[in-house]
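Trainee: Could you take a close look at one part of this fold with me? I'd like to go through the open sheet strand by strand, and then the loops around it.

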Amino acid sequence: MNESVPRSIVVPGYTGRAARVPAGALLTITDLEGCQIGDLFVLAAADPTEVLSPAVTRLVNFTPFPRRGECFYSNRRRALLTLVEDASPGPHDMTFAPCDREIYRDLGAGDDHPNCRDNFHRAIAELGLHPASAPDPINVFQNTPIAADGSYTIGVTRTRPGDWLRLRSECDLVIVLTACAVDIPFAGVQPNGGRSTPLRLDIG
Ligand SMILES: [Zn+2]
């Protein structure tokens, strides 16, 4: 993989792509066709057991939904990324695990449906990394607000074609972005509009 900066990587629907990102780089995630969730997994390049922790980030920022100007923290409470600009309607989720084989099996979609957890492992292996488990992601563009009774409301993703989100890396990172593979109803809703479509990751 070409690791020069700047570069542009298209993540086709139903897949993931990995990249090494130097400190101080800007990462822009663009929803090319609209209505598409992206799962962003983040690991420290120096030690891939240090990973972005949505739980630590919620503890520091006191919200389950990231906002402009806030950092994302690692499991060692170090700032890994900052959300610098948001040209999307949001929101972005920091509470859901990546979709996995078991979810699709439970929903009757068979044993081999593409899923973000497997796509994480497949993509990061391209960089020669083989973590034992996938860290929890930031689910960019995922529209799952919490209702007054504490339950989730599963909403259709609100992004239009070309909407984007920009982050700054605060240290050297390895990232994986997956175009979430959900194409069947969750709680009666098609979050990705019924199919998985491409995202673009620009690093510069
Ligand atoms: Zn997914």
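Mentor: Sure, let's start with the sheet, then move on to the core and a few loop residues.

Keep in mind that this is a predicted model. The open sheet is made of six strands in the order 1-10-3-8-6-5, and their pairing is antiparallel. At the edges you'll find strand 1 (7-11) and strand 5 (71-73); each has a single partner strand, so one side of each has no neighbour in the sheet. From one strand to the next, the twist averages 25 degrees.

Now for the pairings. Strand 3 is a good place to begin. Five bridges tie strand 3 to strand 8 (residues 164-169), and the two run antiparallel. Here leucine 26 sits opposite arginine 168 in strand 8. Strand 3 also pairs with strand 10, again in the antiparallel sense and over five bridges. On that side, aspartate 31 faces leucine 199 in strand 10 as its opposite number. Over at the edge, strand 5 pairs with strand 6 (residues 79-87) through three bridges, in the antiparallel sense. If you want a residue to click on there, try phenylalanine 72, whose bridge partner in strand 6 is leucine 81. While you're looking at side chains, remember that in a regular strand they alternate between the two faces of the sheet.

Next, the nonpolar packing. The largest nonpolar core holds 43 residues, and the ones with the most contacts inside it are Val42, Ile175, Val176, Leu177 and Leu201. Strand 9 (residues 173-179) supplies the largest share of this core, six residues. Isoleucine 175 gives you a feel for what gets packed together: apart from neighbours within four places in sequence, isoleucine 175 is in contact with Ala18, Ala19, Val21, Leu40, Phe41 and Val42.

Then the loops, beginning with cysteine 35. You'll find cysteine 35 in the loop between strand 3 (26-31) and strand 4 (38-44). Despite being in a loop, cysteine 35 counts as buried, because it has 21 C-beta neighbours inside 10 Å, and the cut-off for buried is 20 or more. Leaving out neighbours within four places in sequence, the contacts of cysteine 35 are Val156, Thr157, Thr159, Asn192 and Gly193. As for alanine 79, it is 44 residues from cysteine 35 in sequence and 29 Å away in space, C-alpha to C-alpha.

Two other loop residues have a backbone angle to check. Tyrosine 14, in the loop between strand 1 and strand 2 (16-21), has phi near 70 degrees, which is a positive value in a residue other than glycine. Alanine 187 isn't a glycine either, yet its phi is positive, at about 50 degrees. Alanine 187 belongs to the loop between strand 9 and strand 10 (199-203). What about burial? Tyrosine 14 has 20 other C-beta atoms within 10 Å, so it is buried, whereas alanine 187 has 11 and is therefore exposed.

One last stop is the loop between strand 6 and helix 2 (101-106), where proline 91 lies. The peptide bond from glycine 90 to proline 91 is cis, with omega near -15 degrees.

Technical notes. Residues numbered from 1 in each chain as written. Predicted model: local features only at pLDDT ≥ 70, side-chain atom pairs only at ≥ 80, totals over all residues. Pairing = 2+ DSSP bridges. Helix = DSSP H or I, 4+ residues; strand = E, 2+ residues; numbered from the N terminus. Axes fitted to C-alpha atoms, helices over the stretch in contact; angles between N-to-C directions. Core = buried A, V, L, I, M, F, W, Y, C linked by C-beta atoms within 7 Å. Buried ≥ 20, exposed ≤ 12 C-beta atoms within 10 Å, placed from the backbone. Contact = placed C-beta atoms within 7 Å.
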